[in-house]
Every structure is written in structure tokens, then in C-alpha cells.
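Hi,

Here is the structure I promised to pass on. Have a look at it first, and then read on for what turned up.

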Amino acid sequence: MQHPQPSSLFLPVSLEGTVRNIVLPAAVAVLLVVVYGVVYLSGGSKFAYTHLAYFPIILGAFLYGPRGGVCVALLCAVMLGPLMPFDVATGTRQPLHSWLIRGVFFLFVGGVAGKLFQAARHQSARQSLASLRCGLTGLPTRMRFEREAFPHLADGTVVRAMVFNDIFRLTGVFGDATAASVEVAAVERMREKAGGLPVFRIKTGGYLLLGAPNPCTDLAPSMSAAVKACGTSFYLRPSFGTAVVQAGDTANDVIRRAFSAAELAAEEGVAHLEFSEERENERRHRFSLLGELRQAIDNGELHLLFQPKIRLSDRRIGGCEALLRWTHPRRGNIPPSEFIPLAEYSPIMADLTLHVVDLAVAQVLEWRKSGIDLDVSVNVSVRNLMDPGFAARLVTRIAPLQPRPLAIEITESAAADPSCDVFASMQEIAAAGIELHVDDYGTGMSSLAYLKKIPATQIKIDQSFIRNMSQDMRDRAMVKSTILLCRELGLAAVAEGVEDDAAAEILHSFGCHYAQGFHFAKPLAAREIRALLADGGIPQAGLPGAGRTGV
């Protein structure tokens with residue numbers, strides 16, 4: 001099934017000639033007759049009704065240009081000149097000079113109006129032509145695809161989108177001119193590798209290929225190679241998305257599906273994805289979730305649970321980690337794994353982190369009023385630390401808890417980040433008396449040198465090393481060496497993911513200071529922490545608060 005192509009006048013092609021050659025001239029003629037009748041019935045040319053002639057003159061100029069305007073003006077000059085009495089009641093004829101002067105004005109207006117309309121049409125045609133072909137790359141544009149290519153695509157036709165994900169970053173770093181040169185060079189290579197297949201430039205760095213070969217085997221390797229422009233080699237990361245034309249599709253439907261697949265491929269770090277309705281729905285769900293997260297902050301839908309940190313020396317609570325939870329009014333409990341990664345790459349992350357800090361500060365102040373003095377830590381994203389102004393805002397929010405404020409947990413990758421902004425933020429936070437804890441230690445690619453450099457007071461060993469420590473000698477050796485290193489550096493060691501008493505005993509024998517895990521307690525509400533402390537602060541496996549539920 002091919003898609004019908006509309007005509008430029010939004011009429012069936014067979015009627016265009018009829019409308020232009022018969023209907024429109026007839027309309028002008030009828031208007032001339034109406035004007036003549038109105039002038040005659042009003043008493044003749046001595047009244048101002050003769051100015052009604054400008055309506056058919058301008059209409060003729062609009063429809064047929066200068067010739068149409070002049071021809072209709074000449075007809076008006078004759079009909080309202082020698083053919084029209086000056087005074088119908090007395091039968092007085094018009095003076096020759098009177099209707100000749102009027103006729104000259106008619107001809108002038110018809111000619112000038114026709115020229116103006118003609119110039120406007122030519123300009124519109126030039127713009128339309130420019131919109132059909134990209135001036136930078138020479139490729140046909142989205143409009144060309146929509147007007148000329150898409151109407152002839154049969155159902156089942158494969159359409160592929162290719163997106164260069166680094167074009168906008170190049171623009172920001174090297175400027176528009178360099179980015180344009182890189183894109184032109186990349187397009188030349190793409191046209192060569194596409195083997196003459198139609199290629200359309202849909203947007204900056206985004207292209208549509210019709211019937212293109214397998215992108216993973218035929219296009220991705222060559223398009224990922226260095227592109228030389230302005231005397232420098234640039235590497236672009238293309239991602240591909242495939243869509244299939246279906247019955248009832250519009251051009252926008254096909255473009256949207258192909259580019260949605262390509263953008264999702266870039267997000268997942270793969271070269272190519274085929275469009276999937278299920279993936280699309282998940283993507284829409286994530287975007288809608290991110291939009292609702294702002295409302296969740298304002299509406300009080302977010303709350304904290306607290307994961308106890310157990311002192312292995314006496315098995316009592318020695319602190320806790322604040323964990324964010326979201327109770328959505330329609331969707332129920334939304335796991336942090338669904339919304340935290342989305343927020344981390346959006347502008348809302350700073351506000352979300354500070355909101356968590358506010359909740360934690362309020363809870364600690366409430367506990368202190370009740371005589372409960374418990375250290376609490378809050379997780380902070382590396383994206384927050386990259387913001388030069390974030391540290392100052394964080395210090396201000398935590399100030400009510402001085403002299404024993406909240407502790408801040410940052411991942412090993414954030415702590416080892418070489419950027420000046422991240423290190424400066426850590427220094428500013430530490431200078432305010434706020435402890436820094438390194439989370440997920442052992443999962444990053446950093447060297448030991450960063451432990452000496454950063455102002456941390458606590459190291460949390462990642463649960464991937466703790467989980468199988470009882471059976472895996474290599475895990476046990478790495479955990480033991482890390483704990484010894486922490487003790488030598490004067491840092492507290494915390495083991496995450498402790499799930500049995502054997503692991504807890506091994507950690508205690510190694511000299512580990514604290515442990516977290518379901519063996520001791522799941523994340524608890526503030527009232528459960530209060531009750532646990534009232535019972536002596538010694539959680540036990542199998543009692544309320546322990547177990548593997550409620551992550």
C-alpha cells in the first residue's frame with residue numbers, strides 16, 4: 001500500500017487546471033459585474049463607490065501577477081469610464097480626463113500589486129526549494145522526505161535513523177564552524193558507504209536512510225573511524241535505529257520510531273536497536289516519571305528509611321544510612337532504581353539531593369529532642385559535586401546539626417574523579433566539619449593514591465566482595481587487606497551486604513568497625529529505629545526488622 005500524495009492546492013490533481021483556468025477567472029468576472037452594478041445603482045461614477053474596483057484588480061494581481069492585475073484594471077477603467085454615466089439620474093457622461101486619470105490609477109495599482117505578489121511568490125519558491133535541500137551537507141531534508149519520498153514507501157519498507165551523538169558537544173567545545181566541517185566530512189563518508197541509497201538530513205547530526213544495509217556490519221565500523229576536519233581527527237559515536245513502515249503511518253510516525261530506537265541505542269551503549277513498542281513505552285514511562293518527580297518533592301510523596309550500621313564490637317547500632325523512597329499516589333511504591341538514575345542525569349538531581357538532606361536533618365533534630373543521638377549519612381551524586389555551587393548549599397542545609405552534622409556518602413568513582421570541581425567540592429564539604437564516606441569501595445577503577453588525597457573518614461567495602469567471602473578465598477583476602485589498609489590510614493571500615501553470621505564473625509576477626517546488611521536489619525522507618533534503640537539497639541536475625549524484604 002502506497003501513501004497518497006496531496007497536491008499543492010490540497011485538491012485532486014485533475015481539478016487544479018479547471019480551478020485555475022475556469023473557476024478563478026469566472027470569480028473575477030462576477031466580482032467585476034457586482035462592482036459595476038453597485039456603482040450604477042448608487043447613481044454613477046460621481047460617487048466614491050468606484051473605489052470598489054480595487055477589489056477585483058488586487059484579486060487579479062494576486063491570482064495572475066502583473067498581467068492579471070493590468071488586465072483587470074483595464075476592464076475596470078472601461079466599465080467605470082465610457083460605459084458608466086457620471087450621473088445615472090440625468091444621463092450625464094463622464095469627462096474624458098476624469099475616467100482617463102482614474103484608469104491610470106487602476107493600471108498603476110494593478111501592475112504594482114501584481115509585481116509585489118509575484119516577488120512574494122518567487123521568494124516563497126526559493127525558500128521552499130532551500131527547505132528541500134540542506135545548504136550545509138547538500139542532502140535532501142525532512143520536508144523532502146515527507147513530500148516526495150514517504151508517499152511512495154510501501155508497507156514493510158525498512159527505514160534506518162543514524163545519529164551522531166557528539167555533534168552538539170563538538171559545537172560547544174570547538175565552535176559552530178568546526179562542528180559543521182566535521183558533519184560535512186562524516187556525511188561524505190556516509191554517502192559513500194551507503195552505496196547510493198537515499199539519505200535525508202532530518203536534523204543536526206540526525207539522518208534517515210531508506211533500505212540501508214545492516215548498520216552493525218556495514219556502516220557502524222566505518223562511521224566510527226576518525227573523521228578529519230580542520231586539520232584534526234575527530235571520533236564520532238554513531239547510533240542506529242530501525243523502523244518499519246506500517247499501514248496508516250504518517251511520515252512523522254516513521255521518523256519518530258526510527259530516531260527513538262537510535263537514541264535508546266545511544267543510551268544503552270549499543271550500536272543499533274530495532275524499534276520496540278515495549279521499549280518505547282518504558283522510555284515514555286521514565287520520562288513521565290521524571291516529570292512527576294518534581295511534583296513528588298513538592299507534594300511530600302518522598303520519605304526516608306534508615307539502614308542501620310552495626311558496630312561489630314558490641315553488635316549495637318552505631319549509625320544509619322538514609323535511603324530515599326517514593327510512594328506514588330497512583331503507582332504505589334516506586335523503587336529508587338527506577339527514578340534515581342533518571343534524576344541523576346537531569347537538572348532536578350541537585351534539588352532532589354537537598355530535599356533528602358532536609359528530610360534527614362529534620363529527622364535527626366527530632367531524634368535529638370527525644371534524647372536519641374545517632375549518626376546519619378546521606379548519599380550525594382557525583383553530578384552534585386560537579387556543580388561548583390552545590391557544596392555551599394549543602395553546608396547551609398546541614399548547619400542546624402552542628403557540631404555533629406550529617407555525614408556524606410559518595411561513590412568510589414566520584415571520590416576518584418580527577419576533575420577540579422569534584423575535588424574542590426569535597427574539600428569545601430570537609431572544611432565545614434562534615435564527614436565524607438566513600439561508598440561501593442572496590443568497584444571503581446581508581447588507584448590507591450586517591451585514598452591519600454581525599455578527605456574521607458570512612459570506607460564502605462562493596463557488597464560484591466562480602467557476599468561470597470565465606471567461600472571465596474580471594475574475596476576474603478581482598479576484604480582483609482582493605483580493612484588493614486583502612487586501619488593503617490586511620491579510616492573506619494564498613495562492610496556492606498552482610499547476610500549471615502559467618503560473614504559478620506570473619507569481618508570482626510579482621511578488625512572491621514561496622515557492618516550493614518539484611519542479617520542485622522532491613523531499611524527501617526524512623527519509628528522502628530526508635531523502637532530498636534529502646535530495646536537496646538541490638539538487632540538480631542529473625543526478629544522484626546531483619547530479613548530480606550523491603551529493600
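Let's start with isoleucine 310, which counts as buried, at 0% relative accessibility. Keep in mind throughout that this is a predicted model. Isoleucine 310 sits in strand β8, which runs over residues 302-311. Leaving out residues up to four places away in sequence, isoleucine 310 touches Arg315, Arg316, Ile317, Gly318, His513, Tyr514, Ala515, Phe520 and Pro539. Glycine 517 is worth finding too: isoleucine 310 and glycine 517 are 207 residues apart in sequence, yet their C-alpha atoms are 9.0 Å apart in space.

Next, have a look at helix α10, residues 336-344, where Phe339, Leu342 and Ala343 are buried. Those three cover an arc of only 95 degrees around the axis, so they lie on the same side of α10. That fits the usual geometry: an α-helix has 3.6 residues a turn, so residues three or four places apart point the same way. And what covers the buried residues of α10? The cover includes helix α9 (277-299), β9 (316-328), β10 (332-334) and α11 (349-369).

Two of those covering elements, α9 and α11, also pack against each other, at an angle of about 30 degrees and with their axes 11 Å apart. Angles under 35 degrees count as roughly parallel, and α9 and α11 are therefore roughly parallel to each other. In passing α11, α9 makes a left-handed crossing. On the α9 side the contact is made by Leu293, Arg294 and Ile297, and on the α11 side by Asp351, Leu352 and His355.

There's another helix pair to look at. Helix α4 (residues 142-149) and helix α8 (residues 251-268) pack with their axes 10 Å apart, at an angle of about 130 degrees. Are they parallel or oblique to each other? With that angle, α4 and α8 are oblique. Their crossing is right-handed. To find the spot on screen, look for Arg142, Phe145 and Glu146 of α4, which meet Ala251, Asn252 and Ile255 of α8.

Last, the cysteines. How many disulfides are there? The count comes to zero. Cysteine 76 counts as buried, at 3% relative accessibility, and so does cysteine 320, at 2%. Cysteine 320 falls within the residue range of β9 (316-328), one of the elements that cover α10's buried residues.

Shout if anything is unclear.

Cheers

Technical notes
Residues numbered from 1 in each chain as written. Predicted model: local features only at pLDDT ≥ 70, side-chain atom pairs only at ≥ 80, totals over all residues. Heavy atoms only, no water. Buried < 20%, exposed > 50% of the residue type's maximum accessible area, 1.4 Å probe, protein only. Helix = DSSP H or I, 4+ residues; strand = E, 2+ residues; numbered from the N terminus. Arc of directions from axis to C-beta. Contact = heavy atoms within 4.5 Å. Disulfide = S-S within 2.5 Å. Axes fitted to C-alpha atoms, helices over the stretch in contact; angles between N-to-C directions. Parallel < 35°, antiparallel > 145°, perpendicular 65-115°, else oblique. Left-handed = near helix turned anticlockwise from the far one by under 90°.
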